[in-house]
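Biologist: I should be grateful for a close look at a single part of this structure. Please explain it step by step, as one would to a first-year student.

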Amino acid sequence: MSADTPRRIALLRHAKADWPDVSDHDRPLAERGRKDAPAVGLKLAETGIVFDLALCSTAARTRETWKLAVQELPHRPKTHYEERLYDASLGELIALLNETSDEVSDLLLIGHNPGMHALADALSGRAEADTLARMTRTGFPTAALAVVSFTGSWKSVEHGVGTLLDYWTPKGH
């Protein structure tokens, strides 16, 4: 694939988690999260994007979100569980994107806030319709999904490089 290949990044925040007496990393999904995760999977399927790779945080709530969401996809992408996605800063997330192979056209990240929202906002130099206004207004609640497109190599991913194509939340779409 050429470095000027159109690429898409879907950024998914884990679904609503519970607060049992366990470490933050081990928190499972709450009942609402177990309902929202398949719904976001359906939304991912509706985008028509066939993801080449899914990078998922190792936290229990992200793994559980992905396990429920992926069942709704017509094509199951290769999945890599990435420790660096847990509690990642914006800079760490961009560095992770920069390491992605240019063989990957469409990438899905399943992670946490504030990183997922910060990354969606930082990459979106442009936006389709009212997507950026809706994302700004609602923030990036649990099970929120943003899809950003850009052209170029993953090594060239930086602030403002992309277009926010879609933004979805289980409550407000």
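Modeller: What follows is an account of one helix and of the salt bridges. The model is a predicted one.

The part chosen is helix H5, which spans residues 131-138. Three of its residues, Thr131, Arg134 and Met135, are buried. Viewed down the axis of H5, these buried residues fall within an arc of 100 degrees, so they line one face of the helix. A general rule helps in reading this pattern. An α-helix has 3.6 residues a turn, so residues three or four places apart point the same way. On the other side of H5 lie Thr136 and Arg137, and these two are exposed.

The next point is what the buried face meets. The buried residues of H5 pack against one helix, H4 (115-123). They also pack against three strands: E5 (124-127), E6 (145-151) and E7 (162-168). Just after H5 comes Gly139, which takes a positive phi of about 75 degrees.

One buried residue of H5, Arg134, deserves a second look. Its side chain meets that of Asp130 in a salt bridge, with a distance of 3.1 Å from N to O. Arg134 has a relative accessibility of 15%, and it counts as buried because the cut-off for that class is under 20%. Asp130, with a relative accessible area of 40%, is partly exposed. This salt bridge therefore joins a buried arginine to a partly exposed aspartate.

Salt bridges that share partners also join Asp24, Arg27 and Arg61 into one network. Within this network, the side chains of Asp24 and Arg27 meet at 3.1 Å, N to O. Here Arg27 is buried, at a relative accessible area of 7%, whereas Asp24 is partly exposed, at 32% relative accessibility.

A further salt bridge links the side chains of Glu82 and Arg84, at 2.8 Å from N to O. In this pair the acidic residue is the buried one: Glu82 has 10% relative accessibility and counts as buried. Arg84, at 43% relative accessibility, counts as partly exposed. The structure holds nine salt bridges, and the pairs described here are among them.

To return to the helix, H5 has buried residues that line one face, and Thr136 and Arg137 are exposed on the other side. Arg134 belongs to the buried residues of H5 and also takes part in the salt bridge with Asp130.

Conventions:
Residues numbered from 1 in each chain as written. Predicted model: local features only at pLDDT ≥ 70, side-chain atom pairs only at ≥ 80, totals over all residues. Heavy atoms only, no water. Buried < 20%, exposed > 50% of the residue type's maximum accessible area, 1.4 Å probe, protein only. Helix = DSSP H or I, 4+ residues; strand = E, 2+ residues; numbered from the N terminus. Arc of directions from axis to C-beta. Contact = heavy atoms within 4.5 Å. Salt bridge = Lys/Arg side-chain N within 4 Å of Asp/Glu carboxyl O.
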